[in-house]
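Trainee: Could you take a close look at the salt bridges with me? I'd like to hear who pairs with whom, and where the partners sit.

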Amino acid sequence: MTVQNKGEPGSAKPYLQIDRLTKKFGNFVALDSVSLEVYEGEFICFLGPSGCGKTTFLRAIAGLDIQTSGTVMQDGADISALPPAERDFGIVFQSYALFPNLTAERNIAFGLENQKVGKSAIDKRVNELLELVGLPDQGPKYPAQLSGGQQQRIALARALATSPGLLLLDEPLSALDAKVRSHLRHEMKALQRRLGVTTVMVTHDQEEALTMADRIVVMNHGVIEQVGTPTQIYREPDTLFVADFIGAMNQVSGRVNSDDRITIGELSFKSRTHGLASDAPVVAAIRPEDIVPRDPRDESEAENSLEVEIDDMEFLGSFWRVSLKSSALGEASLMADLSINATRTLAAEVGSTIRVALPADRLWVFPPAGSL
């Protein structure tokens, strides 16, 4: 499956070219003819649920699991059949994979020692990297004496020690607690930008992907569903799977009226153009933050507006997530995110009635899951 790369850098050249990569384990197809180009200096993220093929994809690039068919080109050279030791990459694993019997500085030096680099050059490089990852005084310590975040920094320094052309990150932050993870992802992205190393990361954490990646590759069942910038993936989903997997999304069953109108319950709504057949069953999708509360003092008519009752309210700090229902929508209910100010202005509470609008340009229409 070949997917057009949205948002690809205009002036950069492809550094990694994957063509029709397929990986089978017996009768199970883990990767199904996947093609992708990764650009020089780019930070790209493979995102998807467990079992979608993203880790298999990364391991094929590294040569840890040789593909069944297809090719991998790195910097113009075909590396499809090369063993890992002959490929130009550094890798960081979820489990850190540090040698417990070696100090932090010896862990970092390991790859350089294997390359027979001189001791003074190794010492200089190790000190540079310890400084780079913010641990200049931790070199003599063993992994067990370091926190999880510190261990992951050392693992990153070790991966960078030989100045690889490609950096592979296999869920590198998932073993850390939320606060450390948030801090370290910012540091890792800043470091990647400073070094300009082409980076491929695997994660199932959508927030991680949205905040770190230049482009995101959303995977499902061994194929690529969509490739795009974080904004494109979030705001312009190509499929119902992408719309549902990234962020919160209302999904409501309806039917097609015309190329840009659908019916939900008793109501007709203008929507984004969808090109589906008249009267076909569809799933309408809109994000909670895109549902617009109407000022009760505004008596003008708004497109796609309707009166709804607040069925439930959940306080999430900076906003309220409210559950909305209307007899005109039938069995469907909607989630909307209301700011603290909007909640106050509307005097919103469970059981009260408010008016909301569903902007047509934010109302996506997809075929039901499994219908294609």
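Mentor: Here's a walk through the salt bridges, one pair at a time, ending at a neighbouring topic, a sheet. First, the ground rules: this is a predicted model, so local features need pLDDT of at least 70 and side-chain atom pairs count only at pLDDT 80 or more, while totals for chains, interfaces and linings use all residues. Residues are numbered from 1 along each chain as its sequence is written, and side-chain values use heavy atoms, with hydrogens and water left out.

A salt bridge here is a side-chain nitrogen of Lys or Arg within 4 Å of a carboxyl oxygen of Asp or Glu. That rule gives 17 salt bridges.

Start with Glu207 and Arg185, whose closest N and O atoms are 2.7 Å apart. The two residues are 22 residues apart and link distant parts of the chain, with Glu207 in helix H6 (residues 206-212) and Arg185 in helix H5 (residues 178-195). Helices (H or I, at least four residues) and strands (E, at least two) are DSSP runs, numbered from the N terminus. As for exposure, buried means under 20% relative accessible area, exposed over 50%, and partly exposed in between, using a 1.4 Å probe and protein chains only. Glu207 has 46%, so it's partly exposed, whereas Arg185 is buried at 11%.

Helix H5 comes up again with Lys189, which bridges to Asp214 at 3.2 Å between the closest N and O atoms. Asp214 sits in the loop between H6 and strand E9 (215-220), 25 residues from Lys189. Lys189 is buried, with 6% relative accessibility, and Asp214 is partly exposed, with 31%.

Now for Arg235 and Asp290: their closest N and O atoms are 3.1 Å apart. This pair is separated by 55 residues, Arg235 being in helix H7 (residues 230-235) and Asp290 in the loop between strand E14 (281-286) and strand E15 (292-293). Here the Arg is partly exposed at 22%, and Asp290 is buried at 11%. Follow the shared partners and you get one network of Arg235, Glu289, Asp290 and Arg362.

Strand E15, which ends that loop, also belongs to an open sheet of five strands, ordered E15-E19-E16-E17-E18 with antiparallel pairing. E15 and strand E18 (333-339) are the edge strands, each pairing on one side only. Two strands pair if DSSP finds at least two bridges between them, and two bridges join E15 to strand E19 (residues 353-357). In one of these contacts, Pro293 has Val356 in E19 as its bridge partner.
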